[in-house]
Amino acid sequence: MRLLLIGAPGSGKGTQAVRLAERFAIAHISSGDLLREHVRDGTAVGQKIKQYVDAGDLVPDAVVMDMLFKPVVAATERGGYVLDGFPRTVEQAEAAYDVAHPLGAHVQASIHLDVPTDDLVQRLLARSRGSEDTADVIAHRLEVFAERTMPLLDYYRRREWLVTVDGSRAVSDVHEAIVRQLSVLAPHQES
Ligand code: AP5
């Protein structure tokens, strides 16, 4: 099973990805976690991208694509993945599809977590993950999401791969709603 979670900052992508990975015995691949690891470890990539992550801007596509290629291919060989935070733009989705499809590693189903903006802001302020979760940067991340990531919903909707789930409910209710939607979708998915 190869899944993708799409949602605004704070919509619960990471939270739900952990549960889906456990439930379906697939790998959880988070672009944000991998990027933050590079920043924390001070790698060459980390030094190049710190300013983007801290400011809530998107890291250049080439960096993210390079970083994710190996984990995605490896996870596909071991039974699948749930991607959290990638792709984030239509350009990334198109480029990833071109690389992944010939390898049979492309996304099969996309899950959109829909959460009202007020809830997103409250969740992120409460979590407070460094400079990324300050009021100004949160506002900027939400703008970036609206401008750059929202068009992805149309991209996947046109491909009939998208389901939308109300992400404002309790964590376990959101999880069960995703699993229900996937069970409806599964018989219609090509491999
Ligand atoms: P990333 O880490 O992907 O951040 P994000 O998309 O802004 O999302 P978050 O991790 O903040 O939120 P989430 O939706 O995962 O929610 P979570 O489960 O954590 O990216 C960080 C940065 O990296 C980007 O700004 C960018 O610079 C760069 N980047 C990453 N990917 C990139 C890409 N593809 N291209 C270019 N740049 C990229 O939950 C949030 C909080 O809410 C938690 O405290 C949680 O406990 C709580 N919560 C979750 N669900 C619920 C619920 N149902 N009810 C109540 N509380 C809940």
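The crossing of helices α4 and α5 is right-handed, and that's a handy place to start looking around. Keep in mind that this is a predicted model. From that helix pair, this briefing moves on to helix α1, then to two buried glycines, and ends with some backbone oddities.

**Where α4 meets α5**

- Helix α4 covers residues 61–77 and helix α5 covers residues 90–100. The two pack at an angle of about 35°, and their axes are 11 Å apart.
- On the α4 side, the contact is made by Asp61, Met65 and Phe69. On the α5 side, look for Glu91, Gln92, Ala95, Ala96 and Val99.
- Sorted by class, this contact has five nonpolar residues, one polar residue and two charged ones.

**The buried face of α5**

- Which residues of α5 are buried? They are Val90, Gln92, Ala93, Ala96 and Ala100. Looking down the axis of α5, you'd find these buried residues within an arc of 155°, so they line one face of the helix.
- The cover over the buried residues of α5 includes α4 and also α7, which runs over residues 135–158.
- Ala96 is worth zooming in on: this residue of helix α5 has a relative accessible area of 17%, so with the cut-off for buried at under 20%, Ala96 counts as buried.
- Setting aside neighbours within four places in sequence, Ala96 is in contact with Met65 and Phe86.
- Tyr155 sits 59 residues away from Ala96 in sequence, and their C-alpha atoms are 13 Å apart in space.

**Helix α1 and what covers it**

- Helix α1 is made of twelve residues, 13–24. At 1.5 Å a residue, α1 should span 16 Å, and its end C-alpha atoms are indeed 16 Å apart, so the two values agree.
- The buried residues here are Lys13, Gln16, Ala17, Leu20 and Ala21. They cover an arc of only 140° around the axis, which puts them on the same side of α1.
- What lies over those buried residues? The cover includes the strands β1 (2–7), β2 (27–30), β3 (81–84) and β4 (109–114), along with helix α8 (171–185).

**Two buried glycines in loops**

- Gly56 lies in the loop between α3 (44–55) and α4. Its relative accessible area is 11%, and Gly56 is buried.
- Not counting residues up to four places away in sequence, Gly56 touches Val137, His140, Arg141 and Val144.
- Gly56 and Ile138 are 82 residues apart along the chain, while their C-alpha atoms are separated by 7.4 Å.
- Gly167 is in another loop, the one between β5 (162–166) and α8. With a relative accessible area of 3%, Gly167 is buried too.
- Leaving out residues up to four places away in sequence, Gly167 touches Ser11, Asp114, Val115, Arg123 and Val174.
- How far apart in space are Gly167 and Val107, C-alpha to C-alpha? The answer is 21 Å, with their positions 60 residues apart in sequence.

**Backbone oddities**

- Some background first: most residues other than glycine have a negative phi, and most peptide bonds are trans.
- Ala25, just after α1, takes a positive phi of about 55°. You'll find Ala25 in the loop between α1 and β2.
- Is Ala25 buried or exposed? Ala25 is exposed, with a relative accessible area of 62%.
- Ser128 has a phi near 55° as well, again a positive value in a residue other than glycine. Its place is the loop between α6 (117–127) and α7.
- Ser128 has a relative accessible area of 46%, and is partly exposed.
- Which form does the peptide bond from Phe86 to Pro87 take, cis or trans? That bond is cis, with omega near -10°.
- Pro87 sits in the loop between β3 and α5. Phe86, on the other side of that cis bond, is the residue listed above in contact with Ala96.

Conventions
Residues numbered from 1 in each chain as written. Predicted model: local features only at pLDDT ≥ 70, side-chain atom pairs only at ≥ 80, totals over all residues. Heavy atoms only, no water. Axes fitted to C-alpha atoms, helices over the stretch in contact; angles between N-to-C directions. Helix = DSSP H or I, 4+ residues; strand = E, 2+ residues; numbered from the N terminus. Left-handed = near helix turned anticlockwise from the far one by under 90°. Contact = heavy atoms within 4.5 Å. Nonpolar A, V, L, I, M, F, W, Y, C, P; charged D, E, K, R; others polar. Expected span 1.5 Å × (residues − 1). Buried < 20%, exposed > 50% of the residue type's maximum accessible area, 1.4 Å probe, protein only. Arc of directions from axis to C-beta.
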